[in-house]
Amino acid sequence: FMQNEISDENPSFYFAVERYVEEYSGNADERNFEEAKRIYDRYVNQEPGGEEQVNVTKKAFIDVKIKLDGIANLIELKEQVDVSGGDSEAMLPCVPVTLFDACLEEIVTIMENDSFPRFKSNSAVYKEYLSSDRSIEGTTDIFDDDDPPPAPPSLKDAALLYSYDG
């Protein structure tokens, strides 16, 4: 559904940030910088050539860019200290898992106010979901088997349905 609506980058961004938060909560190392940079480059960067740019405000974009640039500078400084034989452990850069919160809030608002209402009115999968026993054949990770949610599904569940609907 979202590919047909040309907005499949929104649930993709949502899940990328969710995975980032799960993976790096409490872990600070250069891998979380690399993953944050990958998410930024793919979804948030507003320069031409972004793979799946999400529609966030300039303020949200600049906020993430400034923080990532600052961390990149710390990583470079850490590498210079390492080369000179100094102790750089205290300089380990930490990318907060909240880095994308403002962007994510904007995208969730777009999905709640635009994509999700269109999905509910135009999606065959959503209509099948409502008329069935609240399960969709071929999906395994949308709901707990024993406790399906009431209609309508949550935004997270809808995002999974967006991805499923052809």
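Contact, as I will use the word this morning, means heavy atoms within 4.5 Å. With that in hand, let me start at asparagine 45, in what is, I should say at once, a predicted model. Asparagine 45 sits in the loop that runs between helix 2, residues 30-44, and helix 3, residues 58-83. Leaving aside residues up to four places away in sequence, asparagine 45 touches Tyr40, Gln53 and Phe61. Is asparagine 45 buried or exposed? Its relative accessible area is 15%, and since buried means under 20%, asparagine 45 counts as buried.

Let me step back to the protein as a whole. The protein has 6 helices and 0 strands, and reading along the sequence you therefore meet the pattern α-α-α-α-α-α. Of its 166 residues, 37% count as buried. If we take the contacts with a separation of 6 or more, 64% of them are between residues 24 or more positions apart. As for the surface, the protein exposes about 9,400 Å², and carbon and sulfur atoms supply 48% of that area.

Next, the charged side chains, where the count comes to 5 salt bridges; I will go through some of them, beginning with helix 2. Arginine 38 and glutamate 35 meet through their side chains in a salt bridge, at 2.7 Å from N to O. Because arginine 38 and glutamate 35 are 3 residues apart in helix 2, about one helical turn separates them. Both partners are partly exposed: arginine 38 has a relative accessible area of 34%, while glutamate 35 has a relative accessibility of 21%, and with the buried class defined as under 20%, glutamate 35 is counted as partly exposed.

Helix 2 also holds the salt bridge between the side chains of lysine 37 and aspartate 41, with an N to O distance of 2.9 Å. Here the two residues are 4 apart in helix 2, which is again given as about one turn of the helix. Lysine 37 is partly exposed at 30% relative accessible area, and aspartate 41 is partly exposed at 34%.

Moving on to helix 3, lysine 67 forms a salt bridge with aspartate 63, and the closest N and O atoms are 3.3 Å apart. Lysine 67 and aspartate 63 are 4 residues apart in helix 3, so about one helical turn lies between them. Lysine 67 counts as partly exposed at 36% relative accessibility, and aspartate 63 is partly exposed as well, at 28%.

Now to the aromatic residues. A pair of aromatic rings is described by the distance of the centres and the angle of the planes. The count comes to 6 aromatic pairs. In one of them, the rings of phenylalanine 13 and phenylalanine 100 have centres 6.2 Å apart and planes at 85°, and as planes over 60 degrees apart count as edge-to-face, the pair is edge-to-face. Phenylalanine 13 belongs to helix 1, whereas phenylalanine 100 is in the loop between helix 3 and helix 4 (101-122), so the pair ties together parts that are 87 residues apart in sequence. Phenylalanine 13 and phenylalanine 100 are both buried. Tyrosine 14 and phenylalanine 15 make another pair, with ring centres 5.2 Å apart and planes at 90°, so this pair, too, is edge-to-face. Tyrosine 14 counts as buried at 15% relative accessibility, and phenylalanine 15 counts as buried at 13%. Phe13 and Phe100 also take part in one aromatic cluster, together with Tyr20, Tyr24 and Tyr43.

Let me turn to helix 5, residues 124-131. Which residues of helix 5 are buried? They are Val125, Tyr126 and Tyr129. Looking down the axis of helix 5, these buried residues fall within an arc of 100°, and so they line one face of the helix. On the face turned away from that buried side, helix 5 carries the exposed residues Ala124 and Ser131.

I will finish with glycine 26, in the loop between helix 1, residues 9-24, and helix 2. Its relative accessible area is 81%, and because exposed means over 50%, glycine 26 falls in the exposed class. The C-alpha atom of glycine 26 is separated by 9.6 Å from that of cysteine 94, although the two residues are 68 apart along the chain.

Notes
Residues numbered from 1 in each chain as written. Predicted model: local features only at pLDDT ≥ 70, side-chain atom pairs only at ≥ 80, totals over all residues. Heavy atoms only, no water. Buried < 20%, exposed > 50% of the residue type's maximum accessible area, 1.4 Å probe, protein only. Areas by Shrake-Rupley, 256 points an atom, 1.4 Å probe, with all protein chains shown as cover. Salt bridge = Lys/Arg side-chain N within 4 Å of Asp/Glu carboxyl O. Arc of directions from axis to C-beta. Phe/Tyr/Trp six-rings, centres within 6.5 Å; stacked < 30°, edge-to-face > 60°.
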